[in-house]
Amino acid sequence: MGFQCGIVGLPNIGKSTLFNALTATAAAEAANYPFCTIEPNIGRVSVPEPRLEALCALNKSAKITPAQLDFVDIAGLVAGASTGEGLGNQFLAKIREVDAIAHVLRCFENSEVAHEGPLDPISDAEIVETELMLADLESLERRVRPLEKKAKGGDAEAIEMKDMIERCIPVLRDGRPAREVKRAADEEHIFRKMQLLTAKPMMYVCNVDEESAANGNQYSERITEWAAGRNAATVVISAAIEAEIALLDDQDEKAEFLDSLGLAETGLARVIHAGYGLLNLITYFTASPTESRAWTIPNNTRAQDAAGIIHTDFARGFISAETTAYDEYVACGGEQAAKEAAKMRKEGRDYIVHDGDVILFRFNV
């Protein structure tokens, strides 16, 4: 399991350039005019994971398999998209399919790249979010009357759905995203069922000029402060620099280039970290001479459910999860030494998997 992240934003903010760089492809045409991306492009990338490389080296694994992340490049939204302006209806439908949204904002000056009016990334953000909220509001208002009839007939799910919709509508009318609606844990299933655009976790990606890649600039600082008030994550990235990094094959050359810019890691890594945080995801590992592999699961996942991510037979015939914390696994020098040092634990089906656990599942079917 990985996750799918939709890249959205106004036209001409560097969205497709960023997609190209992050996926190291030229699948999306980056051009200085709206709607150059007619159909969403999907790029799959490997999740950077130094711990996996260490496990591979320890086990002399013949194969290494990182977790995967899909980026979906969704063509630029414009004001009026919720009513079909531009190519709005197509793109709004595509946003419903992703797990999280990376909202790219232009935080650089460039007279050669078109922008309507003075550069104001907060205003740009509000244009896109307003369209998403209007689309959600229109969708919910259409559902109320049919649900009322079912609710009067005693349909339990209709009653629950109608109550949730009636709590969401005032929030959206107040100009706030649906994700801000207060709800109990046992109401999440009905909330997710509505498939609201503004219920999606969102991060703001500030696309800055190359000189501002390490520390940001006045525009990204404004976005960071604004996003903090909305409990949203912010990532500062330079699409131009990411495009240059994508051209470098040698890892040492990449590291040297990043160091010269004062960057500890690529923008791709920062976006992925933010995405995992947004979706409350963690990574566990399986490691052997045959293969070392990273698996992405939601936090608070039971061992039996984590086993099912590998194969349904693992969950169905679950016996135990022989588990070692990553740091102890590496410190001991591998599985056998960890077992001899009593660092490997035999856990049951209800054990909650922790980030970095190295697990050997025992099962019988």
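In the predicted model, helix α8 spans residues 239-246, and its buried residues are A239, I241, E242 and I245. These residues cover an arc of only 155° around the axis and therefore lie on the same side of α8. The elements against which the buried residues of α8 pack comprise two strands, β6 (202-208) and β7, together with the helices α1 (15-23), α9 (251-260) and α10 (267-279).

Both of these strands, β6 and β7, belong to an open sheet of six strands with mixed pairing, arranged in the order β2-β4-β1-β5-β6-β7. The edges of the sheet are formed by β2 (41-46) and β7 (233-237); each has a single partner strand, so one side of each is left without a neighbour in the sheet. On average, and with direction ignored, neighbouring strands of this sheet are turned by 25° against each other.

At the β2 edge, the partner strand is β4 (residues 68-73), and the two run antiparallel, joined by six bridges. Within this pairing, N41 stands opposite D73 of β4, and R44 has D70 as its bridge partner. The side chains of β2 alternate along the strand. N41, G43 and V45 point to one face and are buried, whereas I42, R44 and S46 point to the other face and are not buried. Of the two β2 residues whose partners in β4 are given here, N41 thus belongs to the buried set and R44 to the set that is not buried.

Further into the sheet, strand β5 (residues 100-107) contains H103. With a relative accessibility of 0%, H103 falls under the 20% limit and therefore counts as buried. Leaving aside residues up to four places away in sequence, H103 touches V8, G9, D124, A125, V128, E129, M202, M203, Y204 and V205. Among these contacts, M202, M203, Y204 and V205 fall within the range of β6 (202-208), the strand listed directly after β5 in the order of the sheet.

A separate set of pairings involves strand β10 (residues 318-324), which is mostly covered, with six of its seven residues buried. β10 runs antiparallel to strand β12 (residues 358-363), to which six bridges join it; in this pairing, L360 of β12 is the bridge partner of E322. β10 also pairs with strand β11 (residues 345-347), again in the antiparallel sense, over three bridges. Here the bridge partner of A321 is E347 in β11.

Aromatic side chains were examined next. A search of the whole structure finds seven aromatic pairs. In one of them, the rings of Y284 and W295 have their centres 6.5 Å apart and their planes at 20°, and the pair is therefore stacked. The pair links distant parts of the chain, as Y284 lies in strand β8 (residues 281-287) and W295 in strand β9 (residues 291-298), 11 residues apart. Both Y284 and W295 are buried. The two residues also belong to one aromatic cluster, which is formed by Y284, W295, F314, F318, F361 and F363. Within this cluster, F318 falls in the range of β10, while F361 and F363 fall in that of β12.

Aromatic rings also face charged groups at two further sites. The charged end of R106 sits over the ring of F108, at a distance of 4.7 Å from the ring centre. R183 similarly lies over the face of F191, 3.8 Å from the centre of that ring.

Backbone geometry was considered last. Most residues other than glycine have a negative phi. Against this background, K60 has a positive phi of about 50° although it is not a glycine. K60 is placed in the loop between α2 (50-59) and β3 (63-65), and its relative accessibility of 70% means that it counts as exposed. A342, likewise not a glycine, has a positive phi of about 60°. This residue is found in the loop between α14 (335-340) and β11, the strand that pairs with β10. At 64% relative accessibility, A342 also counts as exposed.

How values were computed: Residues numbered from 1 in each chain as written. Predicted model: local features only at pLDDT ≥ 70, side-chain atom pairs only at ≥ 80, totals over all residues. Heavy atoms only, no water. Pairing = 2+ DSSP bridges. Helix = DSSP H or I, 4+ residues; strand = E, 2+ residues; numbered from the N terminus. Axes fitted to C-alpha atoms, helices over the stretch in contact; angles between N-to-C directions. Buried < 20%, exposed > 50% of the residue type's maximum accessible area, 1.4 Å probe, protein only. Arc of directions from axis to C-beta. Contact = heavy atoms within 4.5 Å. Phe/Tyr/Trp six-rings, centres within 6.5 Å; stacked < 30°, edge-to-face > 60°. Lys NZ or Arg CZ within 6 Å of the ring centre and 35° of its normal.
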